[in-house]
Amino acid sequence: MGSVYFRNAILFSLLLKLVYALSGMLWVEGSGFHDELFRNDSAWYRLIAEQGYPTTAPNGLSQTPFTFFPLYPATVGLLMQTGLSFLPAAFLLSCLSSITWITLTFSLLRRRNWQDNEIFRFLAFFQLLPFHHFHHMFYSEQLLMVIMTALLLAMDLNRGLWVFILTVLLVLSRPTGLVYAATLPLLYLSATTLVQRYALLSWLQRCLPLLGAFAGLGIWMFYLHVHCGDALAFSHAQSAWDRGFRWPWMAFFNHGEPAISILSVYTLLLLGFAIW
């Protein structure tokens with residue numbers, strides 16, 4: 001990339017990870033270097049990376065790893081094949097993901113005539129927003145951001161095969177990948193002329209994100225069917241977390257639970273800012 005802003009963006013992101021890691025060691029007695037980044041659902045990803053998914057289908061009563069989609073633990077598991085344990089492998093993946101995401105973001109936004117200093121400010125602001133430390137933790141969010149940015153770049157470059165492959169990976173990274181994949185054809189359609197929209201080839205090409213989403217979900221379901229006999233294990237396991245189908249706004253505030261209430265206020269503020 002060759003820009004001082006590009007290099008500074010990478011250094012800023014890596015330094016931020018170091019700050020998060022050291023803050024846990026300084027503020028929580030007995031904490032290790034990785035502990036601040038290894039919290040909450042990270043333990044489930046570690047279980048999957050080290051032991052794989054259970055061979056028995058979920059019963060809906062006890063929590064099982066099937067809720068967590070396979071791409072992130074599989075990628076950490078691949079790095080563990082070099083001899084690393086989970087925590088160093090996950091930290092290495094976090095660093096590599098940030099470098100890749102920053103590189104892709106610079107490539108994408110430069111195509112849209114952003115200046116390098118503007119891209120740097122955007123990346124710094126994004127990572128400093130409250131709750132965006134999840135993109136540095138040992139969670140699947142970091143891979144999701146890499147794939148989403150790569151997808152937008154592939155769409156800009158009209159690389160149909162890469163759009164399909166990346167959408168498959170998007171769905172395999174997180175359940176929300178399905179939602180994102182459903183919106184991508186709208187971006188394709190908004191970028192075409194009226195004549196092109198009615199051309200059969202253009203429609204097929206612009207439906208690649210949906211085809212990739214179905215393919216990714218199909219791969220996951222086929223694996224689960226073979227592995228534990230329940231192709232919808234990821235859905236059936238949700239009931240143990242008191243999850244179920246509901247209207248989207250019903251997730252806000254969740255009966256006054258403090259942590260969810262703070263997240264809800266933050267999300268509503270961001271939505272309002274985006275609409276504005």
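**Close-up 1. Helix 5, residues 116-128, has the span expected of its length.** At 1.5 Å a residue, its 13 residues should cover 18 Å, and the end C-alpha atoms lie 18 Å apart, which agrees. The expected span is 1.5 Å times one less than the number of residues. Helices are DSSP runs of H or I, at least four residues, numbered from the N terminus. This is a predicted model: local features need pLDDT of at least 70, side-chain atom pairs count only at pLDDT 80 or more, and totals for chains, interfaces and linings use all residues. Residues are numbered from 1 along each chain as its sequence is written, and side-chain values use heavy atoms, with hydrogens and water left out.

**Close-up 2. Helix 5 has a buried side.** Asp116, Ile119, Leu123, Ala124, Phe126 and Gln127 are buried (under 20% relative accessible area; exposed is over 50%, partly exposed in between; 1.4 Å probe, protein chains only). Seen down the helix axis, these residues fall within an arc of 160 degrees, so they line one face. The arc is taken from the directions from the helix axis to the C-beta atoms. Phe125 and Leu128 are exposed, on the face turned away from the buried side.

**Close-up 3. Asn113 sits in the loop between helix 4 (86-111) and helix 5.** Its phi is near 70 degrees, a positive value in a residue other than glycine. Most residues other than glycine have a negative phi. At 65% relative accessibility, Asn113 counts as exposed.

**Close-up 4. Asn158 lies in the loop between helix 6 (141-156) and helix 7 (160-173).** Phi of Asn158 is positive too, near 60 degrees. Asn158 is partly exposed, with a relative accessible area of 42%.

Methods
Helix = DSSP H or I, 4+ residues; strand = E, 2+ residues; numbered from the N terminus.
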